Amino acid sequence: MLAKINNFLAEISAATVNGPDELESFRLKFLSKKGLLSDLFEEFRNVPAADKKETGQKLNLLKQKALDKYNLLRDGLQSSDEKSSYNDLSMPAFPWNHGSRHPISIIRNEIINIFERIGFTVSEGPEIEDDDHVFTKLNFAPEHPARDMQDTFYVSRISPEDSNPEDILLRTHTSSVQVRVMQSHKPPIRTISPGRVFRNEAISARAHCIFHQVEGLYIDENVSFADLKQTLLFYAREMFGRNTEIRLRPSYFPFTEPSAEMDVSCTICGGKGCNVCKYTGWLEVLGCGMVHPAVLEACSIDSKKYTGFAFGMGVERPAMLKYQVNDLRLYFENDIRFLEQFRTAF
Ligand code: PHE
């Protein structure tokens with residue numbers, strides 16, 4: 001009888017099943033009332049008393065092994081069942097979380113989209129720049145306060161006595177990209193440069209040391225201030241709504257002459273006056289002007305033949321107006337609960 005039990009032990013440990021029918025055959029063969037185990041327990045009665053202990057232990061082991069194997073085979077069938085259900089392409093999809101665009105990206109894309117519709121291309125450039133592209137070529141006098149450490153993050157400053165006195169810095173505006181475009185392309189030029197810029201400002205709800213800009217440049221023969229005004233009016237109405245009014249206030253930038261700042265009628269109160277526009281009815285949105293001839297010449301463009309206009313705006317401000325988010329810092333903290341609120345097709 002011991003030999004029989006050993007054979008069954010070997011058979012059980014080698015057993016495999018292909019599907020529920022074979023599993024049931026296994027159960028019937030070993031574990032059912034009329035199965036082999038019942039027979040063996042029947043036979044056990046006739047085992048001589050001297051062998052009972054050893055045979056009994058073996059028999060119990062066989063029973064345990066048969067039960068364990070049955071459970072193992074059954075579990076195996078269930079998990080392969082689950083696996084095959086993954087292959088069913090008609091099953092509903094998992095609810096994958098798709099994330100969302102950052103609100104600054106949404107507004108930046110909207111601005112780009114508006115200008116692309118009237119023929120502007122997109123150009124990009126390095127965030128780590130040299131003094132030449134950020135200031136000198138843009139007609140900043142050597143002592144201009146904007147070059148001061150107060151505003152500019154310097155990566156390295158090289159003394160003027162150095163044979164190559166070039167300061168490396170984080171760009172404070174994306175006008176530097178426009179310099180690069182003017183240096184590498186012949187007019188007509190019609191381009192916008194979106195990107196991150198850096199200024200050494202204390203971080204608060206209304207100011208940050210990193211922010212985003214979109215700057216525009218149009219250079220061709222006979223480009224006039226009227227072209228600038230019409231382009232900006234188009235932008236304002238596309239961005240803030242058909243009834244938006246604009247006004248240009250005289251201003252100063254070293255690289256444009258004449259220069260102006262543009263206000264739009266308040267997008268919240270429509271110009272009646274509210275706490276967002278501080279009861280003036282107007283919101284300042286960008287700086288602009290006619291490209292200074294000295295800038296054209298510095299970039300090897302004939303200022304007698306060509307004229308151009310430029311403008312530059314922050315992205316955070318229209319985002320704050322559009323989403324009524326009044327703390328700039330929220331745009332940089334990347335709190336998922338904040339970001340999840342911005343779902344768009346863009
Ligand atoms: N570069 C300016 C700034 O950063 C904006 C500007 C661009 C103004 C072009 C006039 C013309 O504030």
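These are my notes on the ligand surroundings and the cysteines of a predicted model.

**Ligand shell.** I began with the residues around the ligand and found 13 of them, with His173, Ser175, Arg199, Gln213 and Glu215 as the closest. Sorting this shell by class, I counted five nonpolar, six polar and two charged residues. I then looked up which strands contribute, and noted that β6 (210–220), β9 (282–291) and β10 (307–314) each provide at least two residues of the shell, while β10 gives the most, with three.

**Polar atoms at the ligand.** Next I went through side-chain N or O atoms facing the polar atoms of the ligand. For Glu215, a side-chain N or O atom lies 2.7 Å from a ligand nitrogen, and for His173 the corresponding distance, again to a nitrogen of the ligand, is 3.0 Å. In the case of Arg199, the ligand atom is an oxygen, 2.9 Å from an N or O atom of the side chain. I also recorded how far the ligand is enclosed: of the 330 Å² of accessible area that it has on its own, the protein covers 89%.

**Cysteines.** Finally I searched the whole structure for disulfides and found zero. Why does Cys288 form no such bond? Its closest cysteine sulfur belongs to Cys299 and is 19 Å away, which is too far for a bond, given that a disulfide requires the two sulfur atoms to be within 2.5 Å. Seen from Cys299, the closest cysteine sulfur is that of Cys288, so the 19 Å separation rules out a bond there too. As to exposure, I noted that Cys288 is buried, at a relative accessible area of 2%, and that Cys299 is likewise buried, with 2%.

How values were computed:
Residues numbered from 1 in each chain as written. Predicted model: local features only at pLDDT ≥ 70, side-chain atom pairs only at ≥ 80, totals over all residues. Heavy atoms only, no water. Buried < 20%, exposed > 50% of the residue type's maximum accessible area, 1.4 Å probe, protein only. Near = heavy atom within 4 Å. Polar contact = N/O pair within 3.5 Å; in protein donor to acceptor, adjacent residues only side chain to side chain. Areas by Shrake-Rupley, 256 points an atom, 1.4 Å probe, with all protein chains shown as cover. Helix = DSSP H or I, 4+ residues; strand = E, 2+ residues; numbered from the N terminus. Nonpolar A, V, L, I, M, F, W, Y, C, P; charged D, E, K, R; others polar.
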